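Student: I have a model open and want to check the labels people put on it. Can we go through them together?

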Amino acid sequence: MQVLLGDKEYFKSINQIKYEGAESDNPFAFRWYDENKMVAGKTLKEHFRFACAYWHSFVNDGSDPFGPGTHTFEWNKKSDAVERAKDKMDAAFEFITKINLPFYCFHDVDIVDYTKDVKDNDRRLQALVQYAKQKQKDSGVKLLWGTANVFSNPRYMNGASTNPDFHVLSHAAAQVKGAIDATIELGGDGYVFWGGREGYMTLLNTDMKREKEHFARFLHTAKDYARKNGFKGTFLIEPKPMEPTKHQYDYDCETVIGFLRQWDLLNDFKINIEVNHATLAGHTFQHEIQVAADAGVLGSLDANRGDYQNGWDTDQFPNNLNELTEAMLIFLEAGGLQGGGINFDAKIRRSSTDAADLFYAHIGGMDTFARALITADNILNKSDFKQFRKDRYSSYDNGKGKAFEEGKLSMEDLHAYAVESGEPEAKSGKQEYLENIINRYI
Ligand code: XUL
Ligand code: CO
């Protein structure tokens, strides 16, 4: 990939990041992410399809509920919104090409600032879509997915497509339409719905049944619009149990799968799983990947990590090799993602104020994924990990167990088998043995 600069170089002291191998002590090099390395029949680049999240990297300025931003952006200076947005896009493509990310993701309002004027917003987004089109062409970077931010603007305080006020819903639709148009025009592989305020704060004022019906109707309407206009990609729902809303309708993968099935959306929609959303739901990332893979809806991943000492979405960059190796075991056994990629939905800390910090963060995340995938592949090929799990279920491979799986046994048959075979022997689940295998191959 060629570095793509605009009129100005924003990350001046930093050159393109290259793979140098595990022995390298260069902090500006990949030690594990060799994009051309073949693992399980594909290159690392093809496995991961890594993406940069526009919002965290170029919009989030480090502000939190206790204080204003700490990150100053050189690209945020011009007074004209479209010109300012073009500078931001120059900086974004410079970063993306320097760090060697093949994809990016955005919300409409990350690309250009919006006002209250729907038509003016459409014009602004269109101007930037044309600019992005050229940038994609010049760099080879592609759009992984687009989305609309229908949760930040105060008008969405009671929800977007689940808002009790139809007028607000229509504004959400206007934004989603614009973001779908942009995604189609830029050749995006997916379109994401994350329902940050699609839920409720209290049931005292909420008709939950009606809100969920509106949500389903909205998704159908958006999907039909996109398909009519040539969108061939995947729609993705991103589950999260809470935050900002107390209870969100897209709680976790299992909940979303039930919803998609109920409303006949399973043919068009898959799931975008985020690590820190999984943990907020009381699950592991691994659990959510397994649930989605088993249902055939493992679409895409938002990579980050939470903090075990607090209970909110800290969106830190991934660095936990042990957990990620467990996740990559499931990822590999599932045959990877269905069309999506791995988007770094993660932000550098408020006090990480050097231009280099964004590079360290992504290098660490990409290297951790690469090392975890390589480790998982070794475990699957060189250890008895797979065989152990297979053997654990071997009593269903023949005889009465097989007959049960095939639906050929009644309760009376099962009773008779229990009587004739006596008390079952204890069989160890060998958890510690298996955990040691993970550490051995790391
Ligand atoms: C919020 C979150 C979003 C979605 C896209 O927790 O993850 O950034 O990924 O709207
Ligand atoms: Co996300």
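Tutor: The donor residues of the cobalt ion (ligand 2) are spaced E-x35-E-x27-D-x42-D in sequence. This is a predicted model, where local features need pLDDT of at least 70, side-chain atom pairs count only at pLDDT 80 or more, and totals for chains, interfaces and linings use all residues. Residues are numbered from 1 along each chain as its sequence is written, chains are lettered from A and ligands numbered from 1 in written order, and side-chain values use heavy atoms, with hydrogens and water left out.

Student: What makes Glu238, Glu274, Asp302 and Asp345 donors of the cobalt ion (ligand 2)?

Tutor: Donors are N, O and S atoms within 2.8 Å of the metal (3.2 Å for Na, K and Ca). Glu238 (OE), Glu274 (OE), Asp302 (OD) and Asp345 (OD) lie 1.9 to 2.1 Å from the cobalt ion, so they qualify.

Student: Why is the site of the cobalt ion (ligand 2) called octahedral?

Tutor: Six donors count as octahedral if opposite ones are over 155 degrees apart and all others between 65 and 115. This site has six donor atoms with angles of 80 to 173°, and it is classed as octahedral.

Student: What makes His277 a polar contact of ligand 1?

Tutor: The term needs a pair of N or O atoms within 3.5 Å. A polar side-chain atom of His277 is 2.9 Å from a ligand 1 oxygen, so that pair counts. Asp302 has such a pair at 3.0 Å, and Asp345 at 2.8 Å.

Technical notes: Polar contact = N/O pair within 3.5 Å; in protein donor to acceptor, adjacent residues only side chain to side chain. Tetrahedral: all angles 85-135°; square planar, octahedral: opposite > 155°, others 65-115°.
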